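Biologist: I would like to go through this model slowly and ask, for each label, what lies behind it. Could we look at the structure together?

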Amino acid sequence: MLLAALLCRANTVLSVDQLTQVLWDGDQPRTARKNLQVYVSALRKIVPDHIDRLPYGYTLVADAGESDLLRFDQLAAAGRQAQRKGDPAGAAALLGRAVGLWRDRPLVDLLDSPFAVRESQRLADRFLEVYEDWAELEVEAGRAHGLLDRLGELAGRYPFRERLVALRMTALDKVGGRRQALACFEAHRQFIARELGLDPSAVLRGLYREILAGEQSPAPPQPPLAARLRPAQLPRDLSDFVGRSEPLAALTAALTADGPCPGVVLVCGPTGVGKSALAVHAGHLVADRFEDGQVFASLSEPDGTPRHWHAVLTELLHSTGLDIAPPAEEATALALWRSWLAEQQFLLVLDDATSEADIRRLLPGRGPSRTVVTTARKLSGLECVQRLELGEFTPSEAGELLNRVLGTDRVAGHEQALPRVRQLYGLAPAVVRALAAKLTVLGHLSLSAYAEQLGRIPAALDELMVGGVSLHDGYRRFRRSLAPSQRAAFDALGALPQAAFDLAGLRAVLDGVDGLAGPVERVAEELMEANLVSVTGAAEDDEVTAHAAHAAHAVQPTQPAHPAHVVRYRMPPLAHRYAAARRYGTA
């Protein structure tokens, strides 16, 4: 099972959690991670030099000469490329070689595993798409007779795939089996009426009428695949998007500027401030300016760890119309990507980047494409980009969003509750949206009453939970992506009595913490780079002195006023709440 999982995702990193889920399907023994290490060790003896261990998982490195699946993908991509170039004979030959690699149902000896069942279906769908493309070319070339047996077998095994039914009907008609073609349609019509209560599709009904009339016409010419599949991958825009007028104007101006410009906009800010929402909203506003489409890709796994570059690049190549697997060697693969992109005009949105290297390797070398990158870090080492730093909502922006979601009648007269929420959690968009969603459910509570209720619940971030998603989740995911030294420092900050502090307070909570990188000043720089700490002024400190997390457990009392020249720091209130909750066991 381990070998099957790694082969099905060759050249892609699978995390330890993903692999334990594959092997034990949620019923992991206490020693699951140790067992996995033992299995990998044994597997390395069978396939030496092919399994790599990375900090967050394992990958099986292979090429098309070693894996029939990779060879299948390579041939299928080459065949479709030939088809786009107007070479049907070459396309049929390449797709036919891909089809010839297929033997039986994938992973047929492992189908007692839910993972294997899902993968088998996924791979079968990939095969069927290629088979249908090839069969269509064969029928058009007058070689329908040799397809009849296999088409009948596959149509029987996958009776809901109407394209197989249409191909079988066409092939039968081409070889003089008009009655059999009509009978094939009638059998399919009865089947889906019985199983789904539906009629065949309009396309299939039209084919039936053509065959019945004895005047089947050739299928209308199809546009090139790249034209049919112009990507429009931006997630759904928020209809109640509010505020952010200045960064939105700067972002749209950068994306639509002609002539020399950075071509890359970095949208950064702490977790929960709406970086992805801004990038998506701006992308929808300027989408028509990018004639080749809009592509959206996440650079992180669902657990917050970075995705392997090869997996991201494979996704980007397919999304932009080059249906091939990139080479395993990084420099060659990136050269292919930049060459492919140079003459095209895409809007690329690269979401949730964790390092400068993740971004640099994917940026176009030249051309009219534009790129937006979102990140919870500052990524100060990334050169030649336009930077937009997002912070919390202003009270007026927060009030506008609440008005839109809850209605003005529900919010009117309760605007003074927002400063209370700001003291407790800050006014990051994630907080305001969670507050609005919670009040939508709690229709009997006013905004003021709920703000007071929040103040009586110590470090209860999960109080703002709706639909199974809490404010904990974003920082839990972000924490996993931090370097070990940053993670240790972040956890220690939970002991601070409030979100605002000075260097002496920072030194007090970090004293004795293992694994920190250098003196406290250096640690402070790392935390600022991760957007976990910012330098602030005394006036801003006054606004957050009421925000304390488990003050009774704090290592020091609230600090007295400091001279203006003393450097003061502030954590995002949401980050401080999460760190405190972890420290005192409520996260």
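Biologist: In which helix does H281 lie?

Modeller: H281 lies in helix 13, which covers residues 275-286; please keep in mind throughout that this is a predicted model.

Biologist: Why does H281 count as buried?

Modeller: Buried means under 20% relative accessible area, and because H281 has 13% relative accessibility, it counts as buried. Leaving aside its neighbours within four places in sequence, H281 is in contact with D237, L238, F241 and L248.

Biologist: Is L516 buried, exposed or partly exposed, and how do you know?

Modeller: L516 sits in the loop between helix 24 and helix 25. Partly exposed is the class between under 20% and over 50%, so L516, with a relative accessible area of 21%, is partly exposed. When its neighbours within four places in sequence are left aside, the contacts of L516 are S485, A488, A489, L510 and V523. One of these, A489, is 27 residues from L516 in sequence, while the two C-alpha atoms are 7.0 Å apart in space.

Biologist: What makes T375 a buried residue?

Modeller: T375 lies in strand 7, residues 370-375. The cut-off for buried is under 20%, and because T375 has 0% relative accessibility, it counts as buried. Its side chain reaches the backbone nitrogen of R377 at 3.1 Å, and its contacts beyond four places in sequence include L266, V267 and C268.

Biologist: How do you know that the buried residues of helix 25 line one face of the helix?

Modeller: The buried residues of helix 25, which spans residues 520-529, are V520, V523, A524, E526 and L527. Seen down the helix axis, these residues fall within an arc of 160 degrees, so they line one face of helix 25. What covers them includes helix 23, helix 24 and strand 11.

Biologist: Why are strand 9 and strand 10 called edge strands?

Modeller: They belong to an open sheet of three strands in the order 9-11-10, with antiparallel pairing. Strand 9 (500-502) and strand 10 (534-536) each pair on one side only. Strand 10 is joined to strand 11, residues 568-570, by three bridges, where at least two are needed for strands to pair. Within strand 11, Y569 stands opposite V535. Helix 24, residues 503-510, lies across strand 9 and strand 11, and runs at about 90 degrees to strand 9.

Biologist: Why is the pair formed by Y475 and F490 called tilted?

Modeller: Ring centres must lie within 6.5 Å to pair, and planes that are neither under 30 degrees nor over 60 degrees apart count as tilted. The rings of Y475 and F490 have centres 6.3 Å apart and planes at 45 degrees, so this pair is tilted. The pair links distant parts of the chain, with Y475 in helix 22 and F490 in helix 23, 15 residues apart. Both Y475 and F490 are buried.

Biologist: What separates F127 and Y131 along helix 6?

Modeller: F127 and Y131 are separated by about one helical turn, because they are four residues apart in helix 6, residues 114-140. An α-helix has 3.6 residues a turn, so residues three or four places apart point the same way. Both F127 and Y131 are buried, and ring pairs link them with F72, W102 and W134 into a cluster.

How values were computed
Residues numbered from 1 in each chain as written. Predicted model: local features only at pLDDT ≥ 70, side-chain atom pairs only at ≥ 80, totals over all residues. Heavy atoms only, no water. Helix = DSSP H or I, 4+ residues; strand = E, 2+ residues; numbered from the N terminus. Contact = heavy atoms within 4.5 Å. Axes fitted to C-alpha atoms, helices over the stretch in contact; angles between N-to-C directions. Buried < 20%, exposed > 50% of the residue type's maximum accessible area, 1.4 Å probe, protein only. Polar contact = N/O pair within 3.5 Å; in protein donor to acceptor, adjacent residues only side chain to side chain. Arc of directions from axis to C-beta. Phe/Tyr/Trp six-rings, centres within 6.5 Å; stacked < 30°, edge-to-face > 60°.
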